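Open your viewer, switch to a cartoon view and keep the selection tool at hand. We will walk from stop to stop, and at each one I will tell you what to pick.

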Amino acid sequence: MIYSVRMRAAQGAAHEDGGRHISGAERLVSRDQIGALTQSMVERAFSHSRGQTDFINITVEAVATENIRRLELLPMTTVAAADVSAGRAAAKAALAAAGVKSPAADAGMERLLALKDSMRGAMLICGVTGQRLDGTDGRGIRVSRMDIDDQNRFAAWLEKRGFTGIHIREAVVLATKVAAASGVIAELCWSDDPEYTAGYVASASGYMRFPQLKPYGVMQGGRLFFIRPETNITELMHYLETQPVLVVT
Ligand code: PML
């Protein structure tokens, strides 16, 4: 049996809106890994620099092995750019190449730049008009129940290519699940960690990293999934939130 272990940390969670998002994590593990994993998730929740954690929710839930979908890790490339504005222009070009219309890419970027607080999940954006389609306001759609098939092999694989740190490890797994979703054209993400300036554009053809998508010290960041206008949103949300996915390298 495999277990989905999910952590969410917030500040001011007693408020009706569930508080300010601080940190989240997603793993699929065997039963003997749950104890150590939940302890490290609690430590991660408290050590986050984004705010003062006063609420941690950890969910452990069995997942039927036969329901797990296996997906190949997206191929990864890095695109160097001189500064943030060149990075964003290159990210916009990557979105256009994936099929996102220019007004939609602009509207999406503006939404990320206008964020007042970190979001727990992603926004669904029409890839033609730029209209927001998920209706979840400050919460967003949380992509859940995914992991890499072999953590140690994956860490070694990434390190060999010069990719280090937890952000990138989690991001490429999430992006692989999202890129396989029916209706998704491409994803744009840059981190809400003020010390992390990198971001990416991902689509079925790959994960393209941009080391500078925002200035150092800035918190505004998050995820946008650009989707086809005819997409069945309920089915897409169901896949993103509940379909267990193991990514293989
Ligand atoms: C996040 O989860 O904070 C976003 C991480 C973006 C990772 C970009 C990269 O380094 O490839």
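Is Asp137 buried or exposed? Select Asp137 and turn on the surface: Asp137 is exposed, because its relative accessible area is 61%. Keep in mind along the way that this is a predicted model.

**Two positive phi angles**

Stay with Asp137 for a moment and look at the backbone. Asp137 is not a glycine, yet its phi is positive, at about 50 degrees. Asp137 is found in the loop that runs between strand E6 (123–126) and E7. Next, select Arg145, which also lies in the loop between E6 and E7. Phi of Arg145 is positive too, near 65 degrees, in a residue other than glycine. Arg145 counts as buried, because its relative accessibility is 13% and the cut-off for buried is under 20%.

**The nonpolar cores**

Now hide the surface and show side chains. Select Leu124, Tyr200, Tyr207, Phe225 and Leu240: these are the residues with the most contacts inside the largest nonpolar core, which has 37 residues. To see where that core comes from, color the elements that give two or more residues to it, among them strand E8 (184–190), strand E9 (199–203), strand E11 (222–227) and helix H6 (233–242). Helix H5 (166–179) is another of these elements, and the largest share, eight residues, comes from H5. In soluble globular proteins, nonpolar side chains tend to be buried together.

Center on Leu124 and expand the selection to its contacts. Leaving out residues up to four places away in sequence, Leu124 touches a set that includes Leu133, Ile141, Phe225, Ile227, Ile233, Leu236, Met237 and Leu240. Polar and charged names turn up there as well, including Gln131, Arg132 and Asp134. For contrast, pick Met123, Leu188, Val201 and Phe210, which are included in a second, separate core of 21 residues.

**A buried glutamate**

Move on to Glu187 in strand E8. Glu187 counts as buried because its relative accessibility is 1%. Which side chains does Glu187 join through polar contacts? One is Tyr200, at 2.4 Å, and another is Arg223, at 3.0 Å. Beyond residues up to four places away in sequence, Glu187 also touches Leu95, Leu174, Ala175 and Val178, among others.

**The ligand**

Select the ligand and show what surrounds it. The residues around the ligand include His167, Ile168, Ala171, Cys189, Gly199 and Arg209. Tyr200 and Arg223, which you have just seen beside Glu187, are also around the ligand. Draw three distances to oxygen atoms of the ligand: 2.7 Å from an N or O atom in the side chain of Ser191, 2.5 Å from a polar side-chain atom of Tyr196, and 2.7 Å from a polar side-chain atom of Tyr207. Taken alone, the ligand exposes 340 Å², and the protein buries 91% of that.

**Last stop: Asp193**

Finish in the loop between E8 and E9, where Asp193 lies. Asp193 counts as buried, because its relative accessibility is 12%. Show the backbone atoms of Glu195: its nitrogen lies 2.8 Å from a polar atom of the Asp193 side chain. Then draw one more distance, from the C-alpha atom of Asp193 to that of Gln212; the two are 19 residues apart along the chain and are separated by 13 Å.

Notes:
Residues numbered from 1 in each chain as written. Predicted model: local features only at pLDDT ≥ 70, side-chain atom pairs only at ≥ 80, totals over all residues. Heavy atoms only, no water. Core = buried A, V, L, I, M, F, W, Y, C linked by side-chain atoms within 4.5 Å. Buried < 20%, exposed > 50% of the residue type's maximum accessible area, 1.4 Å probe, protein only. Helix = DSSP H or I, 4+ residues; strand = E, 2+ residues; numbered from the N terminus. Contact = heavy atoms within 4.5 Å. Polar contact = N/O pair within 3.5 Å; in protein donor to acceptor, adjacent residues only side chain to side chain. Near = heavy atom within 4 Å. Areas by Shrake-Rupley, 256 points an atom, 1.4 Å probe, with all protein chains shown as cover.
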